[in-house]
Amino acid sequence: MEVGDDVYSSWFARMDLETIEDGAVRLSVPTRFLKSWIQSHYAERVLACWQAQEAKVTRVELIVRSAVLKSVVLSKAKPDLAVGESGGRYANGNGGRTLSVGDPSVHEALGGSPLDPRLTFDTFVVGRSNTLAHAAAKQVAAAKRGDPVMFNPLYIHSGVGLGKTHLLQAVTWAGNAAGERKVLYLTAEKFMYGFVSALRTQTALAFKEALRGIGALVIDDLQFLQGKSTQAEFCHTLNALIDAGRQVVIASDRPPSDLESLDDRVRSRLAGGLVVEMGPLGEELRFEILKARVMAARAHHPTFDVPLPVLGYIAKTVTHNGRDLEGALNRLLAHNKLTGHAVTLEMAEREVRDLIRPQEPKRVKIEDIQRVVARQYNVSRSDLLSSRRTANVVRPRQVAMYLAKTLTLRSLPEIGRRFGGRDHTTVLHAVRKIEGLVGNDMALAEEIEILKRQLQE
Ligand code: ADP
Ligand code: MG
């Protein structure tokens, strides 16, 4: 009652009483992580509770259950000291309860983010743009404790709504269901505010023990990781896990090289595993996803029927991402339920009009800009990044920086960094310079248009 349900079920629900001897209460928990957490946060409270009930108690000792088994076997402790059923449990060699890793409470106890039960491999549709990412994710999910780690970290990146979270949660569900090892899914935010702060209050030893309990760490939306000290913790965690042969899976909206807030060492560590990009969902894939979604919706709404030509129409026109596909279907479903009208092509056209995107803007990478600009002006990419200030390099460099600012979402400092470690004021100067010039210089304006088109096609 003092700590509330959440805290209680996270930390105390699996605590067992083992023995009471000479004023010493011996309690057991299933993991070292729980043990060290309770020791550092609740030891005094637990003792106070015992003393309130039983004044003779002077000491509370916490142990990890598998360790109990060992000591019982070794010393053949006097059975009459055992409390409750635990004596019998060890006597029949059962070794105490083990943590069920598929159990969501374990996931939460470790600070994991909530999982959506719909985001599994079963509901993930595989197509050209995500075959590799899917295969890698499957492989990671199926790996067993002690298997050699094939690629570490597995780093998946794509634009928004293309299935990263779906795939990461699928890995988590599948990995935990197999029961072989614990898979912990964290959004970068959770990592920053939950996991890291939990670890910070621990000793270095407790930190290592907490990590030892995790078979695979899955981090979603890494681009949101911010702050110097968080990064240090992230780096520390990443290194500790990878060095210990634990799998790390990461998703982000950009490749490692574009994670502006991370330092070079972390970036190269991230790039050192397998980096897979998921492309936009092709029309065929969109069609398959829609079909699967309709089938799923029919479990709850048996009368909901979407003729194939309507699905074809949505797959063709709603091109943006998985979330818009879901949105489009939800509207059809809502319309169908609320008005009782059957779903027709005309209705679909009316309902999804604002979700139609004529052309998907391509994600332009800074490397591509540098490559294309260098080719166009007949200089090398390293010229663009160099500190050379001759006119034949200065202009192309400014054009490239200008394009980087207008065609990507990268910040000025990030662009500066990617252009040989320049200051953001240099980038700003270049952007202003080119903006000023294209107003008057028709030839330059045209050159830039052509470059833009090359980059966006
Ligand atoms: P991201 O994390 O990349 O922004 P999500 O994983 O949240 O994208 O996907 C957005 C929506 O699209 C989710 O509802 C997801 O289930 C769906 N989706 C994306 N790709 C697929 C796929 N290949 N198969 C089935 N559903 C998908
Ligand atoms: Mg996501």
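This passage describes the sheet, the largest pocket and one helical residue of a predicted model. Local features require pLDDT of at least 70 and side-chain atom pairs pLDDT 80 or more, whereas totals for chains, interfaces and linings use all residues. Residues are numbered from 1 along each chain as its sequence is written.

An open sheet is formed by 5 strands in the order β5-β6-β7-β4-β8, with parallel pairing; strands are DSSP runs of E of at least two residues, and helices runs of H or I of at least four, while two strands pair if DSSP finds at least two bridges between them. β5 (183-187) and β8 (274-277) are the edge strands, each pairing on one side only. The twist averages 15° from one strand to the next. Strand β4 (residues 154-157) is joined to the parallel strand β7 (residues 247-252) by 4 bridges, and H157 has S252 as its bridge partner in β7.

The largest pocket was found on a 1 Å grid over the protein atoms alone, as an open set of points where a 1.4 Å probe fits, with protein on both sides within 12 Å along at least five of seven lines. Its volume, the space filled by probe spheres set on the points, is about 980 Å³. Of its 35 lining residues (an atom within 4 Å of a point), L119, H166, R293, G322 and E326 are the closest to the centre. Helix α12 gives the most to this lining, with 7 residues.

R381 is found in helix α17 (residues 381-385). R381 touches E367, Q370 and A374, residues up to four places away in sequence not being counted; contact means heavy atoms within 4.5 Å.

Methods: Chains lettered and ligands numbered in written order. Heavy atoms only, no water. Axes fitted to C-alpha atoms, helices over the stretch in contact; angles between N-to-C directions.
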